[in-house]
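Trainee: I should like a close look at a single part of this model, namely the contact between paired chains. Please set that part in its context as well.

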Protein chains: 4
Amino acid sequence: MDQDASKGRPGRKRSEQSRAAVLQAALKLLREQGYAALSIEAIARDAGVGKQTIYRWWTSKASVVLEALVAQAPTPLAPPSHGSLGEVLEAFLASTFQALKTPRGTGDILRGLMAEAQLDAQFATEFRTGLIERRRELLRSVLAQAQARGELAADVDLFLLVDMAFGVMWYRLLVGHAPLDRALAHELASLLLRAGAPSAPRRPSRPTKA
Amino acid sequence: MDQDASKGRPGRKRSEQSRAAVLQAALKLLREQGYAALSIEAIARDAGVGKQTIYRWWTSKASVVLEALVAQAPTPLAPPSHGSLGEVLEAFLASTFQALKTPRGTGDILRGLMAEAQLDAQFATEFRTGLIERRRELLRSVLAQAQARGELAADVDLFLLVDMAFGVMWYRLLVGHAPLDRALAHELASLLLRAGAPSAPRRPSRPTKA
Amino acid sequence: MDQDASKGRPGRKRSEQSRAAVLQAALKLLREQGYAALSIEAIARDAGVGKQTIYRWWTSKASVVLEALVAQAPTPLAPPSHGSLGEVLEAFLASTFQALKTPRGTGDILRGLMAEAQLDAQFATEFRTGLIERRRELLRSVLAQAQARGELAADVDLFLLVDMAFGVMWYRLLVGHAPLDRALAHELASLLLRAGAPSAPRRPSRPTKA
Amino acid sequence: MDQDASKGRPGRKRSEQSRAAVLQAALKLLREQGYAALSIEAIARDAGVGKQTIYRWWTSKASVVLEALVAQAPTPLAPPSHGSLGEVLEAFLASTFQALKTPRGTGDILRGLMAEAQLDAQFATEFRTGLIERRRELLRSVLAQAQARGELAADVDLFLLVDMAFGVMWYRLLVGHAPLDRALAHELASLLLRAGAPSAPRRPSRPTKA
DNA sequence: ATCTAAACGAGACGGTACGTCAGGTCTTGGT
DNA sequence: ACCAAGACCTGACGTACCGTCTCGTTTAGAT
C-alpha cells in the first residue's frame, strides 16, 4: 500500500506469500460470510498469518478488502470506444452493473467498503482515490470524447453527468429498492443523453406548451 | 417503534421520560463524537437509562438514531407546489441540500445510517421504509404533477428521475468529492428537466452525425 | 477481594459460581503447567468465563492464585501450644515445610507468587498482607508465649527470630539448593532456641577462647 | 556466557563493542524503569543491536542482567579476615546490605533476578551457580575459619548458619517488611553467634529455670 | 388495599474483536 | 561468521461493547 523503494534497506523483505494469503483469505471470508461479519482476526487466522503482519501493511480491514478487490479484478476496464455515445454509454453501464451482480459478490463488497468509508475518514480517502475516482475518470473520458465529437453540448457539466450515472448506480446498490440491470442501463443511458444533448440546432427546443 | 395497543395490559407504562432521554443523549453524542463513535452503552450511560430499556424498544443503535433524527426534524417538508417544475425542483433540491450542511449535522448522521444499513439487513428495511421511501415519494409526487401538466414527457420513468436526483445527492454526500450547494441544485434541476422534457414537437432531436 | 457490603446495591449479584470456577481453573492449570505458564486468558477459557469477569474482581493473575491458594487451604493453622518451645517450634516448622512439598504443589505456587510480588508492586502489598504477615503473626505469637514463660530471653527481638525462621524457609524454597525437610525443622528449631535462649544464669556464657 | 574457545573458528569475531553496548543498555534501562519493565526488544533498541545478537549470546533477559550486574560490581569481595567472628560477621553483613540500598539499585535488580529464577528453571541454575553460591561460599569460608579457631561449635552446621544469614537478607529484600540496615547487621550477627557458639565448656548450658 | 405484571436503573455475565506488545525465529544485505 | 535491521508467527495483554441475564424497585391496572 505504501513504500516500494525497498532498495538498500536492511532487514527481511516483505513476504509476498503472506500478502497473497491475506488477500485470498479476505476474499474467501467475504464470499462465505459477507462484509459485516469480516474481522481482521478472522483474516489473520484463516491466512495463517500474524495479526501484526496485517497491521503492518494495512490500516484497516477495509484497506485489505479494497486491495483484494482491485487485485482480483482483471479490470482492463477499457471502455468500448467505437459506436455512438448512446451505444458506448449503455454498454459501459451494462457491463458495470453486470459486475456487481453475483450473489455474495462484488456489489456486496462495494457496499461494505462504502459503509466503512462513512465510519473511517482515513479509509474514505483510500477508497475515493483508489477506486471511486478511477471509475469516474474512466466514464468522464468517454463523455469528453463524445463532447469533442459534438454529441454532447459544449457547455454541459461532464462532472455532473458522471455524478448522475454513478449516483443512480450507488443509490440503487445501497438502498436496494430497484435492480441494476440491462434495462436500467438502457434507460439511464438514454436519459443522460437527452440531458446532455446539444440544443437542437437553430431551432431551440421549446419547452412544453408555450 | 412497535406496539401501541397498551390498552388493557397490566404493568408499568413505558416511560416517556426515558424515551426522550435516550433520543436526546443519542443526538448529543452524535454531535460531540460523530456516528462511528456512538455505542448503545454510551447512550444508556449518558441518558441515565438501563441498557435493557434501549434493547426493549429499539433494535439497534441505528434505530435509535433514526428515530431521534425523525423526531428532531420538524419536517413540514411540504414541497412548494406553485411555480414551474424547474423552479419547484430547484427549490426542493436546494432546501434538501441545505438541511445536510451543518458541520456535525444531519448529513453526517445520514451517512452513518446509510453505512449501518449496509451492515445490518434488518435496519436496512427500517431505514428504507422509514426515511428513504418517504423522501422519494415526496419528490415523485412533485414530478407526477408536472407530468400531468405536460412539463414532463408522458413516457418518462419518474422513478428513474427520482433515482437520478437522490442518486446524485447521496453519491456526493457519501463520497464527498463535490459540494451539495445551491449551484448544484440549479444545475441538477436543469439537467433533470432536459432529460425528462417532452420531445420537441414534430422535430425529433437528431442525435450527432447527421 | 474488595467490597463486601453489597447490601443495598442495585444490579445483578456477583456470581458465586463464576468465582468458584475461576479459582478452580487456576488451581487446575497450576497443577498441570505451573505458575509461569499461567495466563488470565487460559484461566478464563478453562473456567468458561469472560475475561472481563476476572478483571472485574481481581487485579492480576497473581491475585487469583493467591485467593485460590487461601481458599483451598483449610488452614486451621492453630499452632500446637503445648510442649516446650523446642517441641512446638519444630512441629510448626515441620508441618509448614510439609505443606510445601507436593510435586507441582503449594511450594511452587508460593514461589510464583513471590516472583510476581517482585514484578508488581500492587500485588506485593496484597501478598504481604494477605499471606506473609498472617504466617508471621502466627509464629510470632508462639514465640511471644515462650518468651512470657521465660524460654526466650526478654530482650531478644522476636521479629528477627521470625525473620530467621521464615528467611531460611523462603531462601531454600526460592533457591532450591537444599531440602525443606524434617531434619531441617529439627536443626533450625534448635539453632533458633539457642540464639534466643536467656543467658545462662549466674555463669555468663564466656565466648570463644577461655 | 557460554563458548569461549573461539580458537580456530572461521568467520567474524564476536563484537566486544556489541557486548558492552548490550550490558550498558540493560543497566541504563534498569535504572530508568526497573526490572519488570525491561524487555529484550528494548535492550536491543537502546543498544543499537540486533535482537539476534542478544539471543546468540544470552539465554534470556535475566542472563543479560546477571552478567551486567557481575561485570559492573568490582566486588573483590575479600571479606575482612581480622577481628573476632562477631566483628567480621557484622562487617560482612553491613557491607552486603549497604550494596543493596541505592533506590533503583542493586537490591531491586536482585529482586528481579530472583523472581525470574522462579519462572525460568534454566535461568535458576545460572543464577544459583553464578551468584548465589559464590556469596554463600564466601560467607561459609569466614565461618569455617571461625570454627577452626573454636569460635563456633565444632558440630554446628555452617551450611545452615549461612542459610540463616542470607535467608534473613533475601526475605527482607523480597518482602520489604523491614529494613536492611546496620542495626540489623549488628543484631543478626549477634544472634548467629549465639546460635553457633560452642556450648559452655564442661558445664552444659542449663536451659532457663530448671 | 392488595395483587400481579411489566418497565425501570443498575450492573454482572459469557463472548468477540480490538489494537498493542513482546517473545523467539528467519531472512536480507553488508562487513 | 557475525552483525544491524526488520519482517514473520505466536500468544497474551487489557479494553470496549455486544446482547443477555438477574437484581430490587417503582408504577398501575385488575381484583
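Mentor: The account below begins with a single chain, turns to the paired chains, and ends with the DNA and some individual residues.

This is a predicted model, in which local features need pLDDT of at least 70 and side-chain atom pairs count only at pLDDT 80 or more, while totals for chains, interfaces and linings use all residues. Residues are numbered from 1 along each chain as its sequence is written, and chains are lettered from A and ligands numbered from 1 in the order in which they are written.

Chain A contains 9 helices and 0 strands; here helices (H or I, at least four residues) and strands (E, at least two) are DSSP runs numbered from the N terminus. Along the sequence, the pattern of chain A is accordingly α-α-α-α-α-α-α-α-α. Of the 210 residues in chain A, 36% are buried, where buried requires 20 or more other C-beta atoms within 10 Å of the residue's own, exposed 12 or fewer, and partly exposed a count in between, with C-beta atoms placed from the backbone. Two residues are in contact if their C-beta atoms, placed from the backbone, lie within 7 Å. Among contacts in chain A between residues at least 6 apart in sequence, 64% join residues at least 24 apart.

The domain assignment, which is automatic or comes from a database, divides chain A into domain 1 (16–60) and domain 2 (85–196). The C-alpha centres of these two domains of chain A are 29 Å apart. Their contact involves 7 residues from domain 1 of chain A and 7 residues from domain 2 of chain A.

The part requested is the contact between chain A and chain B, to which chain A contributes 41 residues and chain B 38 residues. On the side of chain A that touches chain B, two or more residues come from each of helix H6 (106–119), helix H7 (121–148), helix H8 (158–175) and helix H9 (182–196) of chain A. H8(A) gives the most to this side, with 11 residues. By class, the side of chain A that touches chain B holds 20 nonpolar, 9 polar and 12 charged residues; Ala, Val, Leu, Ile, Met, Phe, Trp, Tyr, Cys and Pro count as nonpolar, Asp, Glu, Lys and Arg as charged, and the others, Gly among them, as polar.

The symmetry of this pair follows from superposition by least squares on the C-alpha atoms of residues with pLDDT of at least 70 in both copies. Chain A can be laid on chain B with an RMSD of 0.2 Å by a turn of 179 degrees and a shift of 0.1 Å along the axis. That is the relation of a two-fold axis. The same surface serves both copies, since 90% of the contact residues of chain A recur in chain B.

Chains C and D also form a contact, with 39 residues of chain C against 40 residues of chain D. Helix H6 (106–119), H7, H8 and H9 of chain C each give at least two residues to the side of chain C that touches chain D, and H8(C) has the largest share, 11 residues. That side of chain C comprises 21 nonpolar, 8 polar and 10 charged residues. Chain C is superposed on chain D by a rotation of 180 degrees with 0.0 Å of shift along its axis (RMSD 0.1 Å). Here too the same surface serves both copies, with 97% of the contact residues of chain C recurring in chain D.

Within chain C, helix H5 (residues 85–100) has 16 residues and reaches 23 Å from its first C-alpha to its last, close to the 22 Å expected, the expected span being 1.5 Å times one less than the number of residues. Its buried residues include Leu85(C), Val88(C), Phe92(C) and Phe97(C). The buried residues of H5(C) pack against helix H7 (121–148), helix H8 (158–175) and helix H9 (182–196) of chain C.

As for the DNA, 49 residues surround DNA strand E, the closest being Gly11(B), Gly50(B), Gly11(C), Arg12(C) and Gly50(C); a residue is near a strand if its C-beta atom, placed from the backbone, lies within 6 Å of it. The surface near DNA strand E has 10 nonpolar, 21 polar and 18 charged residues.

Finally, Glu87(B) is found in helix H5 (residues 85–100) of chain B and counts as exposed because it has 12 C-beta neighbours inside 10 Å. Lys28(C), in helix H1 (residues 16–33) of chain C, counts as partly exposed because it has 14 such neighbours inside 10 Å.
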